[in-house]
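Here is a short walk through one protein model. Keep the structure open as you read.

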Amino acid sequence: TRHHIAALRREFDRLAYIEMVRGRLSTTFKELLPGRVTGGKSDVRATVHVSDALYADALYQLVDYWPAGGGAGRRFSIRFGILGRCWRLEHEEYEKAIPTDEPDELIREWGMTRAQATSAGDGRRSFVCIPLKSKDIVVGMLYLDAPPTDAFPGVLAKAAESESLPLLAEAVGRVQRQIAELGPAITFFAN
């Protein structure tokens with residue numbers, strides 16, 4: 001119901017605030033991509049997704065994009081795009097040049113509908129998705145995108161040595177564990 005969706009959104013927001021997920025995201029962004037923010041603006045966006053408590057096989061955008069904002073509260077299928085592929089495979093993904101101007105390829109290769117493919121990426125061509133693990137379990141995803149191709153050279157190597165990424169993962173893990181108690185999630189399709 002609409003009431004349940006609104007209550008769940010408030011709880012996601014509350015837990016993300018308590019765990020300072022957006023601040024931890026900012027710190028991780030600055031560590032992985034030093035110098036990519038000037039005057040509070042960047043061509044790169046970053047956010048965090050977690051397993052949804054409302055729908056099974058869905059990911060929930062936990063916080064607004066950093067640094068520009070917007071996007072929190074959206075849901076995506078675990079079968080959608082690089083985000084879904086990374087979630088299913090449980091390892092990082094870096095796509096240097098996804099052809100967002102070729103809808104048929106996005107439909108065929110990335111699990112998008114025609115409507116999704118025509119608005120995909122908002123002009124962004126480089127995508128990175130890194131699983132966030134807490135106690136050896138994937139609890140969320142760090143997602144980055146940018147308009148230029150090959151916008152993230154070396155970011156996966158930096159992530160492997162990052163000091164802030166594990167702190168972000170632990171915070172997201174705490175959010176995920178608390179939100180999971182509100183389940184069970186609704187299943188629409190058989191696996």
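## From one residue pair to the whole sheet

Start in strand S6, where Leu-142 is the bridge partner of Val-48. This is a predicted model. The pair belongs to a wider contact between strands: S1 and S6 are joined antiparallel by six bridges. Another opposed pair here is Arg-45 and Asp-145, the latter in S6.

Now turn to the other neighbour of S6. Strand S5 also pairs with S6, antiparallel and through nine bridges. Follow the chain from S5 into S6 and you pass through a hairpin with two residues between the strands. One residue of that turn, Lys-135, has a positive phi of about 55°. Ser-134 stands opposite Ile-137, which lies in S6.

Step back to see the full sheet. It is open, has six strands and reads S3-S2-S1-S6-S5-S4. The pairing is antiparallel. At the edges stand S3 (75-77) and S4 (93-95). Each has a single partner strand, so one side of each lacks a neighbour in the sheet. On average, neighbouring strands are turned by 25° against each other, direction ignored.

A helix lies against this sheet. H2 packs on it and touches both S1 and S6. The direction of H2 makes about 130° with that of S1.

How many of the ten residues of S6 are buried? Nine are, which leaves the strand mostly covered.

Next, look at the nonpolar interior. The largest nonpolar core has 38 residues. Val-21, Val-48, Leu-62, Leu-132 and Phe-152 have the most contacts inside it. Several elements give two or more residues to this core. Among them are strands S1 (45-51), S5 (126-134) and S6 (137-146). Helices contribute too, including H1 (2-18), H2 (21-32) and H6 (155-161). Which element supplies the largest share of this core? That is H7, with seven residues.

Val-48, the residue we began with, shows what such a core position touches. Leaving aside residues up to four places away in sequence, its contacts include Val-21, Leu-25, Leu-62 and Leu-132. Val-48 also touches Tyr-60, Gln-61, Val-63 and Met-141. Leu-168 and Val-172 are further contacts of Val-48.

One more cluster remains. A second core, separate from the one above, has 15 residues. Phe-80, Leu-83, Cys-129 and Tyr-143 are among them.

Key: Residues are numbered from 1 along each chain as its sequence is written. This is a predicted model: local features need pLDDT of at least 70, side-chain atom pairs count only at pLDDT 80 or more; totals for chains, interfaces and linings use all residues. Side-chain values use heavy atoms; hydrogens and water are left out. A nonpolar core is a set of buried Ala, Val, Leu, Ile, Met, Phe, Trp, Tyr and Cys residues joined through side-chain atoms within 4.5 Å. Buried means under 20% relative accessible area, exposed over 50%, partly exposed in between (1.4 Å probe, protein chains only). Helices (H or I, at least four residues) and strands (E, at least two) are DSSP runs, numbered from the N terminus. Contact means heavy atoms within 4.5 Å. Two strands pair if DSSP finds at least two bridges between them. Axes are lines fitted to C-alpha atoms, for helices over the stretch in contact, and angles run from 0 to 180 degrees between N-to-C directions.
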